[in-house]
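Here's a quick briefing for anyone meeting this structure for the first time. Have a look at it, then read on.

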Amino acid sequence: MHIKSIRPFLGCKDFNTSRAFYRDLGFEEVVLPPKMALFKKGDFGFYLQDAYVKDWVDNTMVFLEVENVQQHLDHIKSLQLPEKYAGVRVSELVHQQWGSEFFVHDPSGILWHIGSFKK
């Protein structure tokens with residue numbers, strides 16, 4: 001089997017706010033009517049839906065593996081997203097046995113783990 005991609009579906013409280021957030025984060029947006037958008041960066045992508053189910057959104061987590069986690073953290077901090085979007089949080093770097101990660105909460109509360117594994 002050759003898998004080309006996997007694209008999770010994410011919900012959001014405010015579609016336009018979340019769209020702006022993900023564009024600011026550096027994703028390219030492809031609008032898909034009705035009420036959906038594909039956000040992509042290279043081979044990675046996810047769908048953002050104009051749909052909000054509290055239990056679903058409150059329990060959504062995404063792990064984004066990157067090559068240089070410190071570089072990504074520095075870049076995301078430079079964007080000052082918490083000052084621009086209510087509810088957005090960016091944590092400090094956490095070192096685990098398996099690797100390192102930091103956390104970003106999007107405007108709806110979706111938790112992104114951004115990290116790299118030890119080699």
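What follows covers one pocket and two strand hairpins.

This is a predicted model, where local features need pLDDT of at least 70, side-chain atom pairs count only at pLDDT 80 or more, and totals for chains, interfaces and linings use all residues. Residues are numbered from 1 along each chain as its sequence is written, and side-chain values use heavy atoms, with hydrogens and water left out.

**The largest pocket**
- A pocket here is an open set of points on a 1 Å grid over the protein atoms alone, where a 1.4 Å probe fits, with protein on both sides within 12 Å along at least five of seven lines.
- The largest pocket has a volume (the space filled by probe spheres set on the points) of about 300 Å³.
- Its lining (residues with an atom within 4 Å of a point) takes in 14 residues, and L25, F27, K41, L64 and H72 sit nearest the centre.
- Helix 3 (69-78) is the top contributor to that lining, with three residues.

**Strands 2 and 3**
- Strands are DSSP runs of E with at least two residues, and helices are runs of H or I with at least four.
- Strand 2 (28-32) and strand 3 (36-41) pair antiparallel over five bridges (pairing takes at least two DSSP bridges).
- L32 has M36 in strand 3 as its bridge partner.
- Three residues lie between these strands, and K35 takes a positive phi near 60 degrees.

**Strands 3 and 4**
- Strand 3 also pairs antiparallel with strand 4 (44-49), over six bridges.
- K41, already met at the pocket, stands opposite F44 in strand 4.
- In this hairpin, with two residues between the strands, G42 has a positive phi near 65 degrees.
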